[in-house]
Amino acid sequence: MIKILSWNVNGIRAVEKKGFVDWVLSEAPDILCVQETKAHPDQVSQELKHLGEYESFWASAEKRGYSGVVTYVKEKPLEMRLLGDERFDSEGRVMILVFDRLVIVNAYFPNSQEGGKRLGYKLDFCNSLLEVCDSYVKNGMNIVLTG
């Protein structure tokens with residue numbers, strides 16, 4: 001059995017100060033999906049980059065201090081990719097890791113904002129993500145969508 005955990009941390013550097021590393025090492029998930037990192041790998045400690053035996057895969061927003069996801073894995077995936085749509089990849093919204101028969105999708109879903117200002121963006125994001133997930137399912141893959 002694979003242990004997969006997901007957590008929207010609202011700032012990975014902030015939760016590091018509150019025992020995040022100890023929590024991860026004590027929980028020992030096989031895969032940890034983290035959303036809303038608000039950081040690039042060059043902005044975090046070496047400990048956050050590696051977390052002991054884990055390898056980390058980052059999708060950071062072009063705009064520093066905004067959105068982003070990181071996935072920590074014990075077993076290296078066969079493939080790592082982003083969503084493939086610059087509108088969403090530039091905001092670090094999705095990380096896709098492909099293993100043997102399993103696809104892990106770590107997604108930070110956009111907020112439609114007050115008055116639905118970004119509702120179109122959010123719906124486009126959901127449709128793009130659904131297309132990618134459907135293509136993996138069509139090819140016989142199992143998907144775990146986190147976020």
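Visitor: Let's start with the sheet: which residue of β8 stands opposite L102?
Guide: Keep in mind that this is a predicted model. Strands β7 and β8 pair in the parallel sense, over five bridges. In β8, the residue standing opposite L102 is N142.

Visitor: And on the other flank, in which sense does β6 run against β7, parallel or antiparallel?
Guide: In general, strands of a sheet pair through backbone hydrogen bonds, and either direction is possible. Here a hairpin of three residues takes the chain from β6 to β7. Five bridges join β6 to β7 (residues 102-107), and the sense is antiparallel.

Visitor: Which residue of β7 is the bridge partner of I96?
Guide: Strand β6 is joined to β7 by five bridges, and I96 sits on a β6 face together with V94 and V98. Look across to β7 and the bridge partner of I96 is V105.

Visitor: What about β5: how many bridges does it make with β6?
Guide: One contact to pick out is M80, whose bridge partner in β6 is L97. Strand β5 covers residues 79-81, and its antiparallel pairing with β6 has a bridge count of three.

Visitor: Which strands are at the edges of this sheet?
Guide: The sheet is open, its four strands come in the order β5-β6-β7-β8, and the pairing is mixed. An edge strand here pairs on one side only, and that goes for β5 and β8 (142-146).

Visitor: How many degrees are neighbouring strands turned against each other on average?
Guide: Take the open sheet with the order β5-β6-β7-β8. If you ignore direction, the average turn between its neighbouring strands is 15 degrees.

Visitor: How many residues of β6 are buried?
Guide: Check both faces: V94, I96 and V98 on one side are buried, and so are M95 and L97 on the other. The strand covers residues 94-98 and is largely enclosed by the rest of the structure, because the number of its residues that are buried is five of the five.

Visitor: Let's move to a charged side chain. How far is D89 from the nearest side chain of opposite charge?
Guide: D89 sits in helix α4 (residues 86-89), and it touches S60, L82, L83 and G84, leaving aside neighbours within four places in sequence. A salt bridge needs a nitrogen-oxygen distance within 4 Å. D89 is buried yet has none, and the distance to the nearest opposite charge, R81, is 7.1 Å.

Visitor: Is V9 buried or exposed?
Guide: V9 lies in the loop between β1 (4-8) and α1 (12-16). Beyond the residues up to four places away in sequence, V9 touches V15, F20, V34, Q35, E36 and T37. The cut-off is under 20% relative accessible area, so at 7% V9 counts as buried.

Visitor: How far apart in space are V9 and V144?
Guide: In sequence, V9 and V144 are 135 residues apart. Going C-alpha to C-alpha, their separation in space is 19 Å.

Visitor: Last topic, the cysteines: how many disulfides are there?
Guide: The rule asks for two cysteine sulfurs within 2.5 Å. For C33 the nearest cysteine sulfur, that of C133, is 12 Å away. For C133 the nearest is that of C126, at 11 Å. By this rule the number of disulfides is zero.

Visitor: What is the relative accessible area of C133?
Guide: Neither C33 nor C133 is in a disulfide. C33 counts as buried because its relative accessibility is 0%. C133 is buried as well, with a relative accessible area of 11%.

Note on methods:
Residues numbered from 1 in each chain as written. Predicted model: local features only at pLDDT ≥ 70, side-chain atom pairs only at ≥ 80, totals over all residues. Heavy atoms only, no water. Buried < 20%, exposed > 50% of the residue type's maximum accessible area, 1.4 Å probe, protein only. Helix = DSSP H or I, 4+ residues; strand = E, 2+ residues; numbered from the N terminus. Contact = heavy atoms within 4.5 Å. Pairing = 2+ DSSP bridges. Axes fitted to C-alpha atoms, helices over the stretch in contact; angles between N-to-C directions. Lys, Arg positive; Asp, Glu negative; His and termini not counted.
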